[in-house]
Amino acid sequence: MSIDQSRLCFGNHPSSGISSTWHDYWTETVYEGGQHVLIKAELDVLPNFVKAGYILPHGTVKPNSAVKETKMTFHVYAELDGSTEYSLDEDDAKTFAYEDNHFAEININCSFSKNLIKIELNQESSGYTPDCTEY
């Protein structure tokens, strides 16, 4: 039996009752759930699919974790209608101070409608100030 490793079968099984929209992380191509789609997968690119309604944080490329993050970007994979929320916790990445509530939390709430995406960021800090100055 020969296996073609350059392709990936993707989709939700129709009998599961799940029918969602999925986004190809690399190309932004949108796929409707509930179907099987054959996706070309190059050996140097890991196929990643993100469900509509998710929020992913992106930092800058750094050589190691000692370099402070000053800019954080949030990629919102919007739905046609609905809402989603995400919570990002940050600490000093050096100690166990987070166990004593020394961390910062950013809560992101998004609501989607046909012509509008509303994004709210609320930052709460209890003993730690994050290095990020730009969101």
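Let's start with F74, a residue that is buried, because its relative accessible area is 17% and buried means under 20%. Keep in mind as you look around that this is a predicted model.

What does F74 do with its ring? Searching the whole structure turns up four aromatic pairs. One of them joins F74 to Y135: the ring centres are 6.3 Å apart and the planes meet at 20°, and the pair is stacked. Trace the chain between these two and you'll see that the pair links distant parts of it. F74 sits in strand β7 (residues 73–76), while Y135 belongs to the segment after β10 (116–126), 61 residues apart. Y135 isn't tucked away like its partner, though: with a relative accessible area of 35%, Y135 is partly exposed.

Now hop over to another aromatic pair, F96 and Y98. Here the ring centres are 6.2 Å apart and the planes stand at 45°, so this pair is tilted. How open are the two residues? F96 is exposed, since its relative accessible area is 60% and the cut-off for exposed is over 50%. Y98 comes out as partly exposed, at 35%.

Next, find β2 (21–24) and β3 (30–32). These two strands pair in the antiparallel sense, over three bridges. If you want a spot to check by eye, look at W22, which stands opposite Y31 in β3. Together β2 and β3 make a hairpin, with five residues between them.

But β2 has another partner as well. It also pairs with strand β5 (residues 49–51), again antiparallel and over three bridges. A handy place to see this is D24, which stands opposite F49 in β5.

Back to the hairpin turn for a moment. Which residue there has a positive phi? That's E28, with a phi of about 65°. E28 is a residue other than glycine, and you'll find it in the loop between β2 and β3. As for its surroundings, E28 is partly exposed, with a relative accessible area of 39%.

E28 has a counterpart to look at further along the chain. N101 also has a positive phi, near 65°, and is likewise a residue other than glycine. Where is N101? Look in the loop between β8 (82–90) and β9 (103–113). N101 counts as partly exposed, because its relative accessibility is 47% and partly exposed covers the range between under 20% and over 50%.

Technical notes. Residues numbered from 1 in each chain as written. Predicted model: local features only at pLDDT ≥ 70, side-chain atom pairs only at ≥ 80, totals over all residues. Heavy atoms only, no water. Helix = DSSP H or I, 4+ residues; strand = E, 2+ residues; numbered from the N terminus. Buried < 20%, exposed > 50% of the residue type's maximum accessible area, 1.4 Å probe, protein only. Phe/Tyr/Trp six-rings, centres within 6.5 Å; stacked < 30°, edge-to-face > 60°. Pairing = 2+ DSSP bridges.
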